[in-house]
Amino acid sequence: MRSLVIVGATGSIGRQAVEVVRSSPELRVVGLAAGRDWRTLLRLAEELEVEHIALADPEAASQAAEHFSGRVEAGSEGTIALICDTACELVLNAAVGAAGLTATVATLGEGIDLALANKESLVVAGELVTALAEATGARIIPVDSEHSALFQLVRNEPPGTIERLVLTASGGPFRGRRREEIEHASVDQALAHPTWRMGGKITVDSATLMNKGLELIEAHHLFAVPYERLDVVIHPQSIVHALVELNDRALLAHLGLPDMRVPISYALHYPERADVDVPRLDLARVGTLTFEPPDLATFPCLRLAREAGIAGGSAPCVLNAANEVAVNAFLAGQLPFGRIAEVVERTLERCPRQPLRHFMDVAAADAEARRVAQELVTAVRA
């Protein structure tokens with residue numbers, strides 16, 4: 001039986017991971033962490049018979065401690081203590097945003113295998129994170145559907161045969177729309193994703209195509225492939241999750257219905273596979289699979305992400321921080337949808353690229369980018 005800690009347990013990926021655990025006798029949850037939703041976390045802890053939990057928000061942790069007989073940790077240090085003290089064999093990091101880097105570093109630093117759904121860990125500090133994993137021998141097993149697909153496709157290919165990796169994107173709710181049509185899109189419109197059901201921040205990122213840009217940077221670090229050999233293609237049916245082009249020009253594709261329980265299960269059971277209670281893919285019923293290039297004029301966030309990835313150093317960290325600030329402002333009604341990319345681009349211009357030699361450099365770049373981005377958001381509101 002594999003012992004597991006779930007970070008981000010109350011979010012979309014965390015809740016689906018709990019579904020996978022419920023049906024798997026091979027998995028046992030020994031720790032749960034969340035941001036501030038202590039009531040949901042306590043319900044999960046009771047259901048899974050977990051005696052050790054952590055909440056990033058100190059006030060939420062204090063509330064939880066009054067209603068929980070087990071051990072409650074608080075703050076980012078609490079997440080680290082949870083990971084280090086539970087003697088777990090695997091950590092699923094499903095936290096949202098750059099805050100998830102703490103759990104990633106703690107896990108890999110302890111030499112514990114990491115099922116990674118927090119793409120921001122590799123976006124903001126990819127070289128440092130992968131170096132840490134190599135130093136401790138811990139494995140990073142991707143959970144994002146596209147990266148899980150690539151992970152499965154490339155693992156048996158010998159060196160020198162992989163020419164190109166292709167990530168697919170649904171195109172989000174605004175696929176086919178012109179830039180001027182979506183400048184003032186509402187929050188409800190941006191959250192109306194056509195195929196995936198996700199949290200608010202990642203759904204908005206899908207609407208701007210920033211999510212695919214972040215995944216591009218993540219793929220660069222996961223698979224050590226240069227950006228000129230990484231592509232994105234729009235595939236609105238979300239059936240083909242990724243493609244690999246080989247040196248003989250053959251294309252390998254990973255297909256499946258859009259259900260995150262499948263890549264979650266694969267990561268939690270790796271290298272084995274387990275049954276997952278999802279419908280079979282009936283290609284005859286699907287009928288048509290279509291593909292098209294991304295519209296970079298309407299969705300400049302994808303271009304900005306690729307440029308930041310190529311620049312390297314602190315640029316991807318700045319990109320991510322500015323995007324988090326801009327998306328949160330949009331969700332709060334403080335920034336028009338069409339200004340998200342502008343805030344990101346102007347923050348990148350005002351925060352010159354710096355080398356990242358230590359995780360403290362990451363924290364400094366992140367803080368400065370957030371300060372600048374917030375200034376830009378405030379200026380838009382004025």
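**Buried sites, nonpolar cores and salt bridges in a predicted model**

Asp205 is buried, with a relative accessible area of 1%. The structure described here is a predicted model, and Asp205 offers a convenient way into it. Its place is in helix α10, which spans residues 200–208. Beyond its neighbours within four places in sequence, Asp205 is in contact with Met210, Asn211, Leu214, Asn323 and Val327.

One of these partners, Asn211, leads on to a set of annotated positions. Asn211 lies in helix α11, made up of residues 210–223. Like Asp205, Asn211 is buried; its relative accessible area is 7%, and that of Asp205 is 1%. With neighbours within four places in sequence set aside, the contacts of Asn211 are Lys119, Ile202, Asp205 and Ser206. The contact with Lys119 has a polar component: the two side chains make a polar contact at 3.2 Å.

Asn211, Lys119 and Ser206 are all found in the UniProt record under "binding site", in an unreviewed entry. The record also lists Ser145, Glu146, Ser170, His193, Lys212 and Glu215 under this heading. From this set, Ser145 is part of the lining of the second largest pocket.

Ser170, another listed position, can be examined in the same way. This serine is found in the loop between strand β8 (162–169) and helix α8 (179–182). Is Ser170 buried or exposed? Ser170 counts as buried because its relative accessible area is 9%, below the 20% cut-off. Leaving aside neighbours within four places in sequence, Ser170 is in contact with Arg175, His193, Thr195, Ser206, Ile234, His235, Pro236 and Ser238. Two of these partners, His193 and Ser206, are themselves in the record's "binding site" list. The side chain of Ser170 also reaches the backbone nitrogen of Gly172, at 3.0 Å.

Attention now turns to the nonpolar interior. The largest nonpolar core has 96 residues, and the members that touch the most others are Ile6, Leu32, Ile53, Leu92, Leu268, Leu319 and Phe337. Which helix gives the most to this core? Helix α15, covering residues 315–331, does so with 10 residues. Leu268 shows how distant parts of the sequence come together: apart from neighbours within four places, its contacts are Arg2, Leu4, Val20, Val21, Leu27, Leu90, Leu92 and Ala115. A second, separate core of 31 residues includes Cys88, Leu101, Val362 and Ala365.

Leu101, a member of that second core, belongs to helix α5 (residues 101–109). The buried residues of this helix are Leu101, Ala103, Thr104, Ala106, Thr107 and Leu108. After α5 comes Gly111, which has a positive phi, near 75 degrees.

Charged side chains add another layer to the picture. A search of the whole structure finds 28 salt bridges. Among them, Arg164, Asp231, Glu245 and Arg249 are linked in a network. Arg178 and Glu181 form a further pair, their side chains meeting at 3.8 Å from N to O. Glu181 counts as partly exposed, at 35% relative accessibility.

Two more salt bridges join residues within a single helix. Glu307 pairs with Arg303, with the closest N and O atoms 3.3 Å apart. Why are Glu307 and Arg303 separated by about one helical turn? The reason is that they stand four residues apart in helix α14, which covers residues 300–311. An α-helix has 3.6 residues a turn, so residues three or four places apart point the same way. Both partners are partly exposed, with relative accessibilities of 42% for Glu307 and 28% for Arg303.

Glu368 and Arg371 are the other such pair, and their side chains meet at 2.6 Å from N to O. These two residues lie three places apart in helix α17 (residues 359–381), about one turn of the helix. Glu368 is partly exposed at 35% relative accessibility, and Arg371 is partly exposed at 40%.

Finally, the UniProt record places a domain over this end of the chain. Its unreviewed entry gives the annotation "domain: DXP reductoisomerase C-terminal" to residues 255–371. This span is 56% helix and 1% strand, and its end C-alpha atoms lie 42 Å apart.

Technical notes. Residues numbered from 1 in each chain as written. Predicted model: local features only at pLDDT ≥ 70, side-chain atom pairs only at ≥ 80, totals over all residues. Heavy atoms only, no water. Core = buried A, V, L, I, M, F, W, Y, C linked by side-chain atoms within 4.5 Å. Buried < 20%, exposed > 50% of the residue type's maximum accessible area, 1.4 Å probe, protein only. Contact = heavy atoms within 4.5 Å. UniProt positions renumbered as here; feature names shortened; annotations may be inferred. 1 Å grid on protein atoms, 1.4 Å probe; cavity = no way out; pocket = protein on both sides within 12 Å on 5 of 7 lines; lining within 4 Å. Polar contact = N/O pair within 3.5 Å; in protein donor to acceptor, adjacent residues only side chain to side chain. Salt bridge = Lys/Arg side-chain N within 4 Å of Asp/Glu carboxyl O.
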